[in-house]
Every structure is written in structure tokens, then in C-alpha cells.
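Work through these exercises with the chain in view. Each task is followed by a solution in steps.

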Amino acid sequence: ARGVASGADASGAREAVVAAGAKLTVGEVRLEAVWPSWVPATTEDDGSGPNNASVVLLARVRGVTLLLCGDVEPLAQSALARQLTGLQVDVLKGLITADFDFLGGLGARVGVIPVGAGDAYRPPAAETRAALSAAGLQVRRTDQDGDIAIAVQDGRLVTITRDFEKLPVGHAYP
């Protein structure tokens, strides 16, 4: 984090507090913060409070919609499901643990789970991996697949891994 902060300082970037409703366009990418609009209280001392305060972004570029979930956990995901009724996305990024109703309702075709190599603290839960697969998502993990790019090629969504393996997702785009 210290390296990121010094790099941001050197670039002239400014720190900002982001809450639901904030919008930003960077080139062709339109970003909208959809969370946190409120942070659910937790009665357990499970450390989920900071995770549930993660910024969740909806990104749209060239007809592809991505939901970037940060570290929100099932309690916040359940609130998001109620808040984002009817939202359909192509790509879902994040979710170490998951609210299964939330997953199923998004219609995503690809799930990208960022996990540091050898990170014993943050591997995706087995039930989360199973739920992602059951919801029809092609699951990619950075600890297994390396860097993952999402692209549209010949009108189809593909994931590209460090080995330049291109896997079609099966959804055509106009």
C-alpha cells in the first residue's frame, strides 16, 4: 500500500471518498459506484465490517458490463441484490464468499477471483467456487491463471490468461 500511495503522490493523483452514486468516465470506460450506500452492521466479530465497506463499481465499456465487487461479503451482497434488482452483468470480479441469490440474479458469464499466489488467507471458499460454477460462470483465478484480461473478439466475450489461452465465454455482442 505504501508503494501505491507514493506512486499516486508522484502522479498528482488525489485521494477521494467514494460512495454510491459517484460517477466517473475514463476514456471509453464509464464507472459508477453502487456501494457503499450504507454499511450493514454485523453482530459478529468476524472482521466483515471493513470488507462490507468496500467500494463496488459498475463498469461499462464497449457493450460489456462488469461488476467489481471489492471484498463485500454475503451480508452486503444481499443488500446489493435488493438495491440492484434486475441488474445484468457480463463479468463479476471479486467475491471470496458469496450470497448465492446475488450471484444467480446477475446473469454474469465470467467470474474473476483475485487471489495472491500462496495467499492462505483469501482463497475463495469451496462453496463460492461451486456457486459461481452452478450459476453458469466461467471461473478464473489469478493465483491459478495469472493475469486475466477480458476482451471481445469476433463478437464474443473471451478471457485471456498469462499463457495467452483464449477461452470463449459464449455470449455474442453486437
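**Exercise 1. Describe how β8 and β9 are joined, and decide how enclosed β9 is.**

Solution. This is a predicted model.
- Start with the pairing. β8 covers residues 149–153, and five bridges join it to β9 in the antiparallel sense.
- Pick one pair as a check: V152 has L157 of β9 as its bridge partner.
- Look at the connection. Two residues separate the strands, and the two strands form a hairpin.
- Now count burial in β9, residues 156–160. Four of its five residues are buried, so the strand is largely enclosed by the rest of the structure.
- Turn to D154, in the loop between β8 and β9. D154 is exposed, with a relative accessible area of 78%.

**Exercise 2. Take stock of the whole chain: which secondary structure does it hold, and what share of its residues is buried?**

Solution.
- Count the elements: the chain has six helices and ten strands.
- Take burial next. Of 174 residues, 34% are buried.
- Consider the surface. About 9,900 Å² is exposed, with 54% of it supplied by carbon and sulfur atoms.
- Finish with the contacts. Among those between residues at least 6 apart in sequence, 44% join residues at least 24 apart.

**Exercise 3. Establish the strand order of the seven-stranded sheet and find its edges.**

Solution.
- Trace the order: β1-β2-β3-β4-β5-β6-β7. The sheet is open, and its pairing is mixed.
- Find the strands that pair on one side only. These are β1 (23–26) and β7 (138–141), the edge strands.
- Gauge the twist. Direction ignored, neighbouring strands are turned by 20 degrees against each other on average.
- Zoom in on one pair. β2 and β3 are antiparallel and share five bridges. L31 has A59 in β3 as its bridge partner.
- Add the helix. α3 packs on the sheet and touches β2 and β3. The direction of α3 makes about 115 degrees with that of β2.
- Return to the edge. T25 lies in strand β1. T25 has 53% relative accessibility; the cut-off for exposed is over 50%, so this residue counts as exposed.
- Compare sequence with space for T25 and R60. They are 35 residues apart in sequence, and their C-alpha atoms are 9.6 Å apart.

**Exercise 4. Identify the residues at the centre of the contacts in the largest nonpolar core, and the elements that build this core.**

Solution.
- Begin with the members. The core has 25 residues; L67, L80 and L92 touch the most other members.
- List the elements that give two or more residues: β2 (29–35), β3 (56–61), α3 (74–83), α4 (100–106) and α5 (126–134).
- Follow L92 outward. Leaving out residues up to four places away in sequence, its contacts include L67, C69, L103, L106, L132 and L137.
- Do not merge in the other core. Seven residues form it, apart from the largest one, and V64, L66, V91 and V110 are among them.

**Exercise 5. Determine how the buried residues of α3 and α5 are arranged around each helix.**

Solution.
- Take α3. A76, Q77, A79 and L80 are buried there. Viewed down the axis of α3, the buried residues fall within an arc of 160 degrees, so they line one face of the helix.
- Take α5. Its buried residues include T128, A131 and L132. Here the arc is 100 degrees, so the buried residues of α5 also line one face.
- Ask what covers that face. The cover of the buried residues of α5 includes β5 (91–93), α4, β6 (110–113) and β7.
- Step past the helix end. G136, just after α5, takes a positive phi of about 90 degrees.

**Exercise 6. Locate the backbone exceptions in the loops.**

Solution.
- Recall the background. Most residues other than glycine have a negative phi, and most peptide bonds are trans.
- Check the peptide bonds. The one from W35 to P36 is cis, with omega near 10 degrees. P36 sits in the loop between β2 and α2 (48–52).
- Check phi at R62. The angle is positive, about 50 degrees, although R62 is not a glycine.
- Place R62: it lies in the loop between β3 and β4 (64–68). R62 counts as exposed at 66% relative accessibility.
- Go back to D154. This residue is not a glycine either, and its phi is positive at about 55 degrees.

Note on methods. Residues are numbered from 1 along each chain as its sequence is written. This is a predicted model: local features need pLDDT of at least 70, side-chain atom pairs count only at pLDDT 80 or more; totals for chains, interfaces and linings use all residues. Side-chain values use heavy atoms; hydrogens and water are left out. Buried means under 20% relative accessible area, exposed over 50%, partly exposed in between (1.4 Å probe, protein chains only). Contact means heavy atoms within 4.5 Å. Accessible areas come from the Shrake-Rupley method with a 1.4 Å probe; for residues, only the protein chains shown count as cover. Two strands pair if DSSP finds at least two bridges between them. A nonpolar core is a set of buried Ala, Val, Leu, Ile, Met, Phe, Trp, Tyr and Cys residues joined through side-chain atoms within 4.5 Å. The arc is that of the directions from the helix axis to the C-beta atoms. Axes are lines fitted to C-alpha atoms, for helices over the stretch in contact, and angles run from 0 to 180 degrees between N-to-C directions.
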